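Hello,

Here is the structure I promised to pass on to you. Have a look at it first, and then read on for what turned up in it.

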Amino acid sequence: MTVKEMNLVDHLEELRKRLIIVISFFILALFGSFAFVEKIYDWLIIAADQNLTILGPSDILWIYFMIAGSCAIIVTTPMILYQVWKFVEPAVNEKERKAVFLFLPLLFICFTGGISFGYFVLFPSVLSFLQTLAADQLNTMYTAEKYFKFLLHLTLPIGFLFEMPIIIMLLTRIGIINPVMLAKTRKIGYLILTIVSTLVTPPDFISALIVMAPLILLYEISISISKIMYRKRLRVLKEAS
């Protein structure tokens, strides 16, 4: 067996090890979430202001699995980030290693902040708007499946999108992108964010606008952060030379 083949085998074994750790942690988080799933359910339906409806006897199991699974994903996210970092750590130099390790907690903080924004700000605003539209003409009755799908589509994607400033900060720090590049692609960035906000929200202009506004603000914040990081990187490179 050649050295190259041995290295490939070692990488695959390392990847397998990291995946086992993540999956094991997720399963434990899933069982832990099930222990509190009824309390989580009661908390999540507050915005509905009514009891939800199920259309079949097995629907409640699907609802509980979806709630527990979503909670498990949120709890497992720090572990996923850490295991990804441990897998790529040997391939980066010392400065990049310190940068990534410092930014990992910030990624989770932004992810949690995005989910909180989605649940406490975006979701009740959009739901209230849609209820107002239907109030005079229709009786509103929500099925549990539709309600929780709607909730997840407005929270989980926003959580990931809120990580954008930290990812851009990290990529600038290690020299992959720079603020000039971000400024030149601003129109393309706005277009992508518009498409994303349309995809993750119900098909109405107000909902998409509520999501689009903070995403564009995050993009502009990301450019400002990138400028700061880029100036620091140039200063370090100048001192090193």
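**What was found**

The chain holds nine helices and zero strands. Following the sequence from start to end, the pattern reads α-α-α-α-α-α-α-α-α. Please keep in mind while you browse that this is a predicted model.

Let me begin with the whole chain. Its C-alpha atoms fill a box of roughly 70 × 45 × 25 Å along the principal axes. There are 241 residues, and 37% of them count as buried. Among the contacts in the chain with a separation of 6 or more, 84% are made by residues 24 or more positions apart.

As for the surface, about 14800 Å² of the chain is exposed, and carbon and sulfur atoms supply 71% of that area. The chain carries 21 positive and 17 negative charges, and the mean positions of these two sets are 15 Å apart.

Next comes the empty space inside. Rolling a probe the size of a water molecule over the atoms shows where such space is left. The search came to one cavity of 30 Å³ or more. The volume of the largest cavity is about 40 Å³. Which residues line the largest cavity? They are Thr 53, Ile 54, Leu 55, Asp 59, Thr 143, Ala 144 and Glu 145.

Now for some single residues, starting with helix H3, which covers residues 59-88.

Ala 72 lies in helix H3. Is Ala 72 buried or exposed? Ala 72 counts as buried, because its relative accessibility is 0%, and the cut-off for buried is under 20%. Leaving out residues up to four places away in sequence, Ala 72 touches Phe 26, Ala 29, Leu 30 and Ser 33. Take Ser 33 from that list: Ala 72 and Ser 33 are 39 residues apart in sequence, while their C-alpha atoms are 6.6 Å apart in space.

Gln 83 is also found in helix H3. With a relative accessibility of 6%, Gln 83 counts as buried. What does Gln 83 contact, leaving aside its neighbours within four places in sequence? Its partners are Arg 18, Ile 21 and Val 22.

Trp 85 sits in helix H3 too. Trp 85 has 4% relative accessibility and therefore counts as buried. If you would like to compare places along the chain, Trp 85 and Val 211 are 126 residues apart in sequence, and the distance between their C-alpha atoms is 30 Å.

Outside that helix, try Ile 46, in the loop between helix H2 (37-44) and H3. Why does Ile 46 count as exposed? The relative accessible area of Ile 46 is 55%, and exposed means over 50%. Along the chain, Ile 46 and Pro 78 are 32 residues apart, and 28 Å separates their C-alpha atoms.

If you want a place to start in the viewer, I would suggest Ala 72, with its contacts to residues including Phe 26 and Leu 30. After that, you could turn to Ile 46, which is exposed, and then to the lining of the largest cavity, where Asp 59 and Glu 145 are among the residues.

Enjoy exploring, and best wishes

Terms used: Residues numbered from 1 in each chain as written. Predicted model: local features only at pLDDT ≥ 70, side-chain atom pairs only at ≥ 80, totals over all residues. Heavy atoms only, no water. Helix = DSSP H or I, 4+ residues; strand = E, 2+ residues; numbered from the N terminus. Buried < 20%, exposed > 50% of the residue type's maximum accessible area, 1.4 Å probe, protein only. Contact = heavy atoms within 4.5 Å. Areas by Shrake-Rupley, 256 points an atom, 1.4 Å probe, with all protein chains shown as cover. Lys, Arg positive; Asp, Glu negative; His and termini not counted. Charge placed at Lys NZ, Arg CZ, Asp CG, Glu CD. 1 Å grid on protein atoms, 1.4 Å probe; cavity = no way out; pocket = protein on both sides within 12 Å on 5 of 7 lines; lining within 4 Å. Points joined across faces, edges and corners; volume = space filled by probe spheres on them.
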